[in-house]
Amino acid sequence: MPAYATNMRLKFPILALILEIITIILYAVFVTYDDGKGHGHDANSNHTSNPVELYPMFQDVHVMIFIGFGFLMTFLKKYGFSSVGINLLLAAFGLQWGLLMQGVWHMDHGKIKVDVFKMINADFSTATVLISFGAVLGKTSPVQLLIMTILEITIFSINEHLVANILSANDVGASMIIHAFGAYFGLAVARVLYRPGLRNGHENDGSVYHSDLFAMIGTVFLWMFWPSFNSAIAEPGFVQLTAVINTYLSLAACVLSAYAISSLVEHKGKLDMVHIQNATLAGGVAVGTCADMNIQPFGAMLIGVVAGIISTLGFKYLSPVLASKLGIQDTCGVHNLHGMPGILGGLAGIVAVALGKKDGSAAMQAAALASSLGFALIGGAITGLIMKLPVWGQPPDQNCFDDSIYWEVPEADEESDGSLAPADHSKNKTEA
Amino acid sequence: MPAYATNMRLKFPILALILEIITIILYAVFVTYDDGKGHGHDANSNHTSNPVELYPMFQDVHVMIFIGFGFLMTFLKKYGFSSVGINLLLAAFGLQWGLLMQGVWHMDHGKIKVDVFKMINADFSTATVLISFGAVLGKTSPVQLLIMTILEITIFSINEHLVANILSANDVGASMIIHAFGAYFGLAVARVLYRPGLRNGHENDGSVYHSDLFAMIGTVFLWMFWPSFNSAIAEPGFVQLTAVINTYLSLAACVLSAYAISSLVEHKGKLDMVHIQNATLAGGVAVGTCADMNIQPFGAMLIGVVAGIISTLGFKYLSPVLASKLGIQDTCGVHNLHGMPGILGGLAGIVAVALGKKDGSAAMQAAALASSLGFALIGGAITGLIMKLPVWGQPPDQNCFDDSIYWEVPEADEESDGSLAPADHSKNKTEA
Amino acid sequence: MPAYATNMRLKFPILALILEIITIILYAVFVTYDDGKGHGHDANSNHTSNPVELYPMFQDVHVMIFIGFGFLMTFLKKYGFSSVGINLLLAAFGLQWGLLMQGVWHMDHGKIKVDVFKMINADFSTATVLISFGAVLGKTSPVQLLIMTILEITIFSINEHLVANILSANDVGASMIIHAFGAYFGLAVARVLYRPGLRNGHENDGSVYHSDLFAMIGTVFLWMFWPSFNSAIAEPGFVQLTAVINTYLSLAACVLSAYAISSLVEHKGKLDMVHIQNATLAGGVAVGTCADMNIQPFGAMLIGVVAGIISTLGFKYLSPVLASKLGIQDTCGVHNLHGMPGILGGLAGIVAVALGKKDGSAAMQAAALASSLGFALIGGAITGLIMKLPVWGQPPDQNCFDDSIYWEVPEADEESDGSLAPADHSKNKTEA
């Protein structure tokens, strides 16, 4: 294929190096360690006696970002290298960028002071990008995706500041500012990058048996550690415990409804791996905003059950319509896992605050949801238009969902089937 | 295949939804958050200044339940979706049910107050089901398994209460009340569900190369986090440290004996993946009862070495006899990983208490072991009879060990080999 | 193949059992639990009020050792069982041996008192062996590797004591004493075991699509938890936080440079999985010595960027030369991931100490680096000569990189391709 199709030959490495150099310069000027001597400029930071107290929860979130999102997307039969590999690239750059973009609102004597709390938030900021990545998976180049990472995290940080500090809305588990935002941002990008040539599907846009098992590694780690995601930045003590319990129970209840609906809507009552890999997680998304509220365990479970139902139904009935009628080709179905459950979470938060389950204003909660959706749709559309510039490169339709356009790909697990690039023995590292 | 064979078409989704709705109603009536204001009704709970202090150990246990057990069972070549997927379903329902069944003995003003300690115990309760699941893996329907989950966790909770609160026996790592109980419960079920048609084996009852590697993900996570399993509910401080150290060293020693015996008994001295995947873990099972006792590091290592030996020998010589002579078809060999090492753990506990390694009564330890085995065998037999009712559905012999009876299965990793269901493109989510 | 070729038939199990028995006897004499009553004999141990405070970091390191190293090496198409299985064997024995060898320098009334701090260090000691294992992967027998484990950990413990206690050099993340040491030790062994028959490569010395994905499980867990590796034994408090932050940022920056250089040097700008699996981790190695120093975040990122560059270039240009000109056949390219980045870390430490980023002597830092390299090269050469003794067995060239010489191997994922041993139904455990 011609080099312009991939833009890997020079544009990718040059862009990656320039971005990293600029980032390092900004860090040299603005970023230092937290030394415990801050004076309340950053009210969100939970300075405790032990500065690594939150570290285990940070590592849980870290696993969700790098293993969870990375492997969840390996379900595609020929796109596993890109799924886990580009996920690593975007998240590694994104966390550096996010730490800057989020930190700029909380400077202490002109410095961003890094602590575990800020590292968790930086990981969070990358989650928006990885959600959007799911919508355009297989149809975008690494160069395009790096551009998206910069723009999306920048826009996210503005909306986050607005929601958390100006509107003072509750969103401890980020149903609105991460999940709904990331999903609708990605869907807007996908709409702008609509490919008529994929209208009738693509032979590589599907799984094989073992790729579905790799994806389950991602699913299960996301599922297990979601209580950490929703509670990591909650108020320490029993409020944090509440966030853990609500998420744990919402997810458990969600599994039952996702399995039940998957079986109900599928051929002969069989379960569909797409639903199991994704809809079982919708309970974690939907309980996010309310996670630290006194909604009681059964309230969290109800949210989980509803999330599992709408997510599974979305995969079955809504995604095909979005693709065929609205031109929104959502590779991973992020609308079903993050979009609708994120809105559900935002709505649940409005109701919960109105019912006095936590201090706050229902109107501000509603404004936060509207803001997140607005920034996502407009920001995503603009970002999509920028990503569409021919200069960044974009894979041709026939090379979509195929690692071999960006990666040296070894032979398939058994005999080469002819459709993969022949092994070039570049793996043989011991001899010239 | 006819619908009655699977019972997926309606019975599975209806049962799953009804169970979840009943559970939510029970939670609405009986379950609330721990708010730190309990008054000693629950002497087991370790209320500390930080209510999420045990959370990292909870997450280790969580990983063992969902990744460990789930992937350990993916060794079967065509049953990976069911192994990890049904494991998720049973554990997600089981932890909700277990929290109720265990909590009922420790109510505070008519309420079960959820904390991390109770979440760990709820995860523990699911372990019994997942062990039993291993015995009947590939030969039971999801409907049957949900029935087993309810019954087994209920019976487990009674025996656990008897052992811990009435007999006041030591079993911190649950060699008796989880491992031996789960194994003999599952073996009793397997005996009742004996299939003469599988007497000569089944072509799908085996592994392929990559399925064995997926299983090693489960093995290694179980192996690494077992010290958390055995110490999570130990008395905080140096007793908990003792439980960590004993388990860590028992497992390390067990690896050496399992490898040695695997090589000794196999053809040309080769290692067998079945032994490595399972017998290396027997040290964690067997040291469970004694984990928090002053048995000294070398004592823990001796227990580990013996466990590795009897577990490997069990796989090689005992399992075939159990199947052919007693009609106990134990798919994963849980008798070797959980059954015999669990009894070994119980016996070691009797000796250790008799030797004064921890306060207690050797007679009560023996009674605890007997109680666990008795509840398991009788409870398992009754549960097996209930599971055998034709109404729940059961896969025909020829469809055993095959995901395609319950799952939409994509093509195999390379060309379809004809034995799997043809791809139906249901994975193509972007187009109608 | 003849039995002498594998030495599995009797020598392996006998050696494994004898080693374990000797170890247990030594533990019976010398090892007990930490009871919190030590009197400062061990200045390194961080006795805090909670003896399991470091436990979550220990578990992160544990995951790196057993999942990280184990799965990183599964990239070879037919050597996955050995990679993850022998990794488990060596690390399980190594941690028992390391606890003795390291503990002997810190006895308290003639006893080694085990605590979480010592368990972390024991895991560290195994890392040296697993790094060296990478250099000789596929070309050595389990018996040879057990011999290497004993000798390497013993020599490591002497050098570690010299560096930490005699020279009082800084190496909190062990760039020198683990990474450089393990790499050059392994390269010296590989040189002694040079195989002319593999000069032109080997058909099994390469990956297939899914083996590269299994390897990414190892890569990503190593990448995520490296901050724990570099900070686990740092001074508690803000120094430990500094070590976390430096490592987190060095790794993130390293990803960008590794991807950029991989694309720059490869055919048509494509990414190479070997680089992504390995060079993205070089930032963790190289920032090790400086991790707890006040080098500022941008300093850590610069180290990461440089490490990613030299590691990727090493894979591309240096490894082939080392193999063809110097006879050093480095299967996993440990020189590029651990060797050069380890030296870079040592040099950075000299500079940082000279610049006053931490108390210490630049000369002692240099002596520590020289000592680590000297012990590694001489110790590795002697160990290689001992491993070369015919009595231990060594696989013939044609059986290198092939599990079937040491393992019962099931059929390949689809039809047997003839090159693997036919399935022998030994997996069918339910029937005789």
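What turn and what shift along the axis lay chain A on chain B? In this predicted model, a turn of 120° and a shift of 0.0 Å along the axis do it, with an RMSD of 0.0 Å.

**View 1. Chains A and B are related by a three-fold axis.**
Start with how the copies are arranged. Laying chain A on chain B takes a turn of 120° with 0.0 Å of shift along the axis, and that is the relation of a three-fold axis. For chain C the story reads much alike: a 120° rotation, again with 0.0 Å of shift along its axis, superposes chain C on chain B at an RMSD of 0.0 Å.

**View 2. A proline comes closest to the rotation axis in chain A.**
Zoom in on A:Pro56, whose C-alpha sits 3.8 Å from the axis. Over in chain C, the residue that comes closest to the rotation axis is C:Pro56, with its C-alpha at 3.8 Å.

**View 3. Chain A meets chain B through 82 residues on its own side and 79 on the other.**
Here's the A–B contact. About 6,900 Å² is buried between chain A and chain B, and carbon and sulfur atoms give 69% of that area. On the chain A side, the residues that lose the most area to chain B are A:Tyr209, A:Tyr248 and A:Leu256, which together make up 12% of what that side buries. If you go looking for salt bridges between chain A and chain B, the count is zero. Polar contacts do turn up, though: 17 residue pairs across the interface of chain A and chain B, with both partners at pLDDT 80 or more.

**View 4. Helix α8 of chain A gives the largest share of the side that touches chain B.**
Several elements of chain A give two or more residues to this side: α2 (55–72), α7 (209–231), α8, α9 (273–278) and α11 (296–326). Of these, α8(A) supplies 18 residues. Sort the chain A residues that touch chain B by type and you get 45 nonpolar, 22 polar and 15 charged.

**View 5. A tyrosine of chain A and a phenylalanine of chain B pair edge-to-face.**
Over all chains, the count comes to 45 aromatic pairs. One of them is A:Tyr248 with B:Phe58, 5.5 Å centre to centre and with 75° between the planes. A:Tyr248 belongs to helix α8 (residues 238–265) of chain A, while B:Phe58 belongs to helix α2 (residues 55–72) of chain B, so this pair joins two chains.

**View 6. Chain C puts 79 residues against 81 of chain B.**
Now for the C–B contact. Chain C and chain B bury about 7,000 Å² between them, with 70% of it on carbon and sulfur atoms. There are zero salt bridges between chain C and chain B, but 17 residue pairs are in polar contact across their interface, both at pLDDT 80 or more. The chain C elements that give two or more residues to the side touching chain B are α1 (11–30), β1 (31–33), α2 (55–72), α3 (80–103), α4 (116–136) and α7 (209–231). The largest share, twelve residues, comes from α3(C). By type, that side of chain C divides into 46 nonpolar, 16 polar and 17 charged residues.

**View 7. The copies meet through different surfaces.**
How much of the interface of chain A is also interface in chain B? Only 13% of the interface residues of chain A are, so the copies meet through different surfaces. For chain C, 14% of the contact residues recur in chain B.

Technical notes
Residues numbered from 1 in each chain as written. Chains lettered and ligands numbered in written order. Predicted model: local features only at pLDDT ≥ 70, side-chain atom pairs only at ≥ 80, totals over all residues. Heavy atoms only, no water. Contact = heavy atoms within 4.5 Å. Buried area = accessible area lost by both parts, 1.4 Å probe. Salt bridge = Lys/Arg side-chain N within 4 Å of Asp/Glu carboxyl O. Polar contact = N/O pair within 3.5 Å; in protein donor to acceptor, adjacent residues only side chain to side chain. Helix = DSSP H or I, 4+ residues; strand = E, 2+ residues; numbered from the N terminus. Nonpolar A, V, L, I, M, F, W, Y, C, P; charged D, E, K, R; others polar. Least-squares fit on C-alpha atoms with pLDDT ≥ 70 in both. Phe/Tyr/Trp six-rings, centres within 6.5 Å; stacked < 30°, edge-to-face > 60°.
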